[in-house]
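Subject: Structure for you to look over

Dear colleague,

I am handing over the structure we spoke about, with the sequence alongside. Please open it before reading on, as the notes below are easier to follow with the model in view.

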Amino acid sequence: MEIDRTLYLNGTLDRYTDGNVAVPRMFGKIALEEAVGSNIWAASGTLPVTDQVSGFSGIPFAPSVTADIGVRLFDIPSRLQSMDASGIGYVIVSLTSPGVQGVFDVKNATRLATLVNDEVYANYVQAYPDRFGFFAAVAMQDPVAAAAELERAVGLGAKGALINGYSQIGNPDNYTVRYLDDEACDPFWAKVCELNVPVYLHPRPPPLGQQLLYQGYPMLAHSAYGFGTETAGHALRLILSGLFDRYPSVQIILGHCAEALPFLAHRIDTRLMNGIEGADGPYRHTVKYYLRNNFYATLAGVRRLATVRDTIEEMGEDRVMWSVDYPYESNEAAANWFDYIEGLGVRTKEKLAWENAQRVLNIAANRNRYQVDQEYL
């Protein structure tokens with residue numbers, strides 16, 4: 001893809017730092033909800049193309065933002081430049097949403113997962129082994145094939161899998177989806193346990209038939225709100241299904257401060273206690289228990305101290321990791337906020353910035369410089 005960098009001048013996201021801001025830059029941060037495109041097919045849409053937001057064609061972003069993001073999904077030199085300016089040492093890249101989850105044909109989805117994993121591995125990990133790792137794309141339209149592809153990708157060096165929510169299992173005229181708690185997915189979860197790698201559950205808009213609430217407000221159905229509620233609900237389905245009781249070693253990563261689940265866990269737990277038998281699944285523990293034993297949260301897209309503190313309090317600081325959500329978010333804005341933020345303390349920031357990710361994802365990141373100024377902590 002030919003890169004037109006003049007688009008960068010017209011974007012509305014803050015992509016730059018002149019290095020003169022009063023920020024004690026933390027070098028060597030690790031980011032892990034970082035999207036890339038594919039030259040094989042247009043992975044930011046379904047295949048064949050259908051509306052993802054009811055009554056709206058495409059993504060409801062401002063044209064300048066859409067153009068900027070669209071180029072940055074492919075522009076590796078600019079990604080590296082932005083990482084360097086932001087103190088990001090290592091990034092786990094993954095295919096943008098909906099990716100293979102949006103491919104209606106099962107065999108084609110399986111084929112494309114293999115092709116895109118090879119593409120991402122070659123373009124990022126092989127080319128820049130000290131800067132990039134990757135999460136594998138897996139076609140959960142066929143969970144057995146997804147398990148086999150995950151094993152193959154981990155053999156290449158994949159740090160786990162990233163799954164963009166539910167998978168299309170019907171056709172454009174028969175819009176049917178599968179969530180990951182479906183019993184058909186059990187062979188995949190068994191393989192996840194065997195390989196001992198995490199699964200990043202990434203958002204996409206709710207299925208079209210569930211978007212009545214958002215009619216007239218397409219951005220709410222997308223990343224402003226619908227992404228979070230859809231993904232939090234998906235995570236709750238995994239909990240209530242008993243998945244983590246059958247496979248207690250499974251680890252799920254959720255972005256955006258765990259899609260608000262740390263704020264909702266107490267209310268969910270107390271209300272579930274009042275349900276009739278069989279109304280809420282065969283799970284054995286509280287939602288809070290699972291958040292502290294089977295989930296990790298990233299800060300992707302979040303720059304608010306109170307939100308981060310609540311996530312840490314509910315999940316524990318060993319289960320929270322910094323991230324950006326590039327190019328849908330700005331590396332520079334995320335890094336400037338996190339590096340400058342007061343009130344977390346040096347050790348907590350080190351855990352969030354790189355230590356937790358190194359442990360969870362088995363990363364030996366090369367952190368050649370680290371600067372910290374107590375005045376700003």
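Below is what was found in it, beginning with charged pairs and then moving to single residues.

Please keep in mind that this is a predicted model.

Salt bridges

The structure holds 16 salt bridges, and three of them are described here. In one, the side chains of Asp339 and Arg25 meet at 2.6 Å, N to O; this pair links distant parts of the chain, since Asp339 belongs to helix α13 while Arg25 sits in the segment before β1 (29-36), 314 residues apart. Both Asp339 and Arg25 are buried, and together with Lys29 they are linked in a network of salt bridges.

A second salt bridge joins the side chains of Asp181 and Arg237 at 3.0 Å, N to O, and here too distant parts of the chain are linked, with Asp181 in the loop between β6 (177-178) and α5 (186-195) and Arg237 in helix α7, 56 residues apart. Asp181 counts as buried because its relative accessibility, 19%, is under 20%, whereas Arg237, at 41%, counts as partly exposed.

The third is between Arg347 and Glu355, at 2.9 Å, N to O; Arg347 is partly exposed at 42% relative accessibility, and Glu355 is partly exposed at 25%.

A buried acid without a salt bridge

Which residue of opposite charge has the nearest side chain to Asp280? It is Arg271, but that side chain is 11 Å away, and Asp280, although buried, has no salt bridge. Asp280 is found in the loop between α10 (261-272) and α11 (287-293), where its side chain makes a polar contact of 3.3 Å with that of Tyr283. Leaving aside neighbours within four places in sequence, Asp280 is in contact with Leu240 and Leu272.

Other residues to look at

Ser330, in the loop between β10 (320-321) and α13 (331-340), is buried, with a relative accessible area of 3%. A polar atom of the Ser330 side chain lies 3.2 Å from the backbone nitrogen of Glu332, and, beyond neighbours within four places in sequence, Ser330 is in contact with Asp14, Arg15 and Val324.

Thr66 lies in helix α1 (residues 63-72) and is partly exposed, at 36% relative accessible area; although Thr66 and Tyr328 are 262 residues apart in sequence, their C-alpha atoms are 9.0 Å apart in space.

Finally, Leu213, Tyr217, Leu220 and Tyr225 make a nonpolar surface patch of about 460 Å², and Tyr225, in the loop between α6 (218-221) and α7 (226-240), is partly exposed at 42%.

With best wishes

Technical notes. Residues numbered from 1 in each chain as written. Predicted model: local features only at pLDDT ≥ 70, side-chain atom pairs only at ≥ 80, totals over all residues. Heavy atoms only, no water. Helix = DSSP H or I, 4+ residues; strand = E, 2+ residues; numbered from the N terminus. Buried < 20%, exposed > 50% of the residue type's maximum accessible area, 1.4 Å probe, protein only. Lys, Arg positive; Asp, Glu negative; His and termini not counted. Salt bridge = Lys/Arg side-chain N within 4 Å of Asp/Glu carboxyl O. Polar contact = N/O pair within 3.5 Å; in protein donor to acceptor, adjacent residues only side chain to side chain. Contact = heavy atoms within 4.5 Å. Patch = residues over 30% accessible without salt bridge, like charges linked within 9 Å, V, L, I, M, F, W, Y side chains within 5 Å. Areas by Shrake-Rupley, 256 points an atom, 1.4 Å probe, with all protein chains shown as cover.
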